[in-house]
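Biologist: I would like to learn to read this structure feature by feature. Where should we start?

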Amino acid sequence: MTRNKNSRKTIRREIYVVAVLFAFIFVGMIAYFCYYVQVGSRDFIYNSYNSRFSVFADDVTRGTIYTSDGHVIAKTVLDEERNETRSYPDERLFSHAVGYVGKGMSGLEAEYSFDLLKSHISLSEQINNNLTGQKSPGDSLYTTFDYDTQMAAYEGLGMFDGAVIAIEPSTGKIIAMVSKPDYDPNTIALYWDDINDESKNNSVLLNRAIAGAYPPGSTFKIITTIAYLRSNDGNSDYSYNCKGSIDIGDYTIHCSSNKSHGQEDLLKAFSNSCNSAYADIGINLDRDIFIDTAEELLFNQQLPTALSSTKKSKFTIDASSTDSLVGQTAIGQGDTTVSPLHMCMIVSAIANDGVLMEPYMADKIVSLDGDIINQTKATSYGQIMSENEASLLQEYMEAVVMDGTADSVDFGDLTVYGKTGTAEYTSNKSITHSWFVGYAQNEYGEQLAVAVIMEGAGYGSKYAAPLAAKVFNAYFK
């Protein structure tokens, strides 16, 4: 009798364990289903290889893409037989940002393909179109781009490879995005084999603005300055006598043209972009604070943005790094790489008193009747630097423009805060990338942040900074 009772208890215990196990599995499946509906499904639905797109395209004419000021930058045109062709009126101007449809999809065309192939005309109109064999007009996408600012960035970059990206600091709206070399999305199918010829190594399809990996040069001194403040409890007291170069072990770091800057405080070292002073700062920084500062400023991690194909910036300093590598890293050389998007995000946060807004370039989806179907809301990533740190960098970056390395650049009537950069990228130190990062503010307090890199152009103050001035003035008109 006792044996039977024990046996029944064992069976009940096993049933209970199995029931609990299945309950956990059921709850887990429900949780995953909710996550998939809210988040994960987007990756599948918006995948350019989703076969459902061809079904949508049978019933809906792909919608139009506009700039924020109403300029058409992508549309579907019909010939006399009503055959559809995707057309890009400005050809190369928005090639990397808007992307293409043809050999797969890219850019906004890929990310918002599902929206562009949905129609929100009345149900009766959709039924009538189906019965008569007509397609319904798709919804339109309004971007955050300003046409004149985009044109200024594109024309200013000229024949140089590189990138320009401009962001509204208070919202994260991307106002302009240019990458070169570029391509004409109207003819991409025709020249597809040539564009993808690896032997030419031209990387035409790479969006350098968000996926480029460049040595930051002296623009990185922004990060080193923040690390210095954190290593010294916010105290900016610093003194250094620059003699034009500094020896770190058997490695020598030179200032530009071996110029001797003499006695400098931290502000002067920053506005003069003094390599010797910043290498000295680097090797004397608390190593852990230097590493933590870089990571808190989003190095070695995915950038907080809905933009696809963004590139992680690289910061390799650790406890075993040599002083010479730390000194090089502190001035933006060494093994450090960064994307123009990342640098623009950092200066956007400086302009916004330390708060970083997540960048985006799709503003709203609008129906044929003008109804807003969906609108992107500005999203704060959070405080990536303190207000005091941002305030001090605002002062330092204004000094760069007023009496530092960018004082010869004509920015018009705007108040501008910036940092130039001249980045070595080969063993031939006479060939350098030209950088400028910063932001401008008009009399009404409106701001625009920008990052410019011109590959192999030379000094940042001579090439990238004047291009930034053109972008600022186009935006503020």
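Modeller: Start with the elements: helices (H or I, at least four residues) and strands (E, at least two) are DSSP runs, numbered from the N terminus. Two strands pair if DSSP finds at least two bridges between them. This is a predicted model, in which local features need pLDDT of at least 70, side-chain atom pairs count only at pLDDT 80 or more, and totals for chains, interfaces and linings use all residues. Residues are numbered from 1 along each chain as its sequence is written, and side-chain values use heavy atoms, with hydrogens and water left out.

Biologist: In which sense do β16 and β17 pair, and over how many bridges?

Modeller: Strand β16 (residues 362-366) and strand β17 (residues 372-375) are antiparallel, with 3 bridges. Look at Ile 365: its bridge partner in β17 is Asn 374. The two strands make a hairpin, and 5 residues lie between them. In that turn, Gly 370 has a positive phi of about 90°.

Biologist: Now a sheet. What is the strand order in the open sheet of 5 strands?

Modeller: Strands of a sheet pair through backbone hydrogen bonds, either parallel or antiparallel. Here the order is β10-β9-β21-β20-β19, and the pairing is antiparallel. At the edges are β10 (174-180) and β19 (415-424), each paired on one side only. Axes are lines fitted to C-alpha atoms, for helices over the stretch in contact; angles run from 0 to 180 degrees between N-to-C directions. With direction ignored, neighbouring strands of this sheet are turned by 5° against each other on average.

Biologist: How many bridges join β9 to β10?

Modeller: There are 6, and β9 covers residues 162-167. To find the register, take Ile 167, which stands opposite Ile 174 in β10.

Biologist: Which strands does helix α17 touch?

Modeller: Contact means heavy atoms within 4.5 Å. Helix α17 (residues 460-476) packs on the sheet and touches β9, β10, β19, β20 (432-441) and β21. Its direction makes about 145° with that of β21. Helix α7 (residues 147-157) lies across β9, β10 and β21 (447-454), running at about 25° to β10.

Biologist: Next, burial. How many residues of α14 are buried?

Modeller: Buried means under 20% relative accessible area, exposed over 50%, partly exposed in between (1.4 Å probe, protein chains only). Helix α14 (residues 323-330) is mostly covered, with 7 of its 8 residues buried. The cover includes α10 (221-231), β12 (245-248), β13, α12 (275-284) and α13 (287-296). After α14 comes Gly 332, with a positive phi near 90°.

Biologist: Why does Gly 327 count as buried?

Modeller: Gly 327 counts as buried because its relative accessible area is 0%. This glycine lies in α14. Beyond four places in sequence, Gly 327 touches Ile 248, Ile 253, Ala 279 and Ile 283. Gly 327 and Asp 247 are 80 residues apart in sequence, yet 9.9 Å apart in space, C-alpha to C-alpha.

Biologist: Is His 342 buried or exposed?

Modeller: His 342 is buried, with a relative accessible area of 0%. This histidine is in helix α15 (residues 340-351). Leaving out residues up to four places away in sequence, His 342 touches Leu 297, Leu 298, Phe 299, Leu 303 and Ser 313.

Biologist: Last, empty space. How much lies in the largest pocket?

Modeller: On a 1 Å grid over the protein atoms alone, a cavity is a set of points where a 1.4 Å probe fits but cannot get out; a pocket is an open set with protein on both sides within 12 Å along at least five of seven lines; lining residues have an atom within 4 Å of a point. Grid points are joined across faces, edges and corners, and a volume is the space filled by probe spheres set on the points. The largest pocket holds about 920 Å³. Its lining has 33 residues, and Cys 255, Ser 256, Ser 257, Asn 275 and Tyr 459 lie nearest the centre. β13 (251-254), β19 and α17 each supply at least two lining residues.

Biologist: How many cavities of 30 Å³ or more are there?

Modeller: The count is 2. The largest cavity has about 50 Å³. Among the residues lining the largest cavity are Ile 73, Tyr 88, Phe 94 and Pro 185. The second largest cavity has about 40 Å³. α3 (95-98), α7 and β10 each give at least two residues to the lining of the second largest cavity. β10 gives the most, with 3 residues. That lining includes Met 177, Val 178 and Ser 179.
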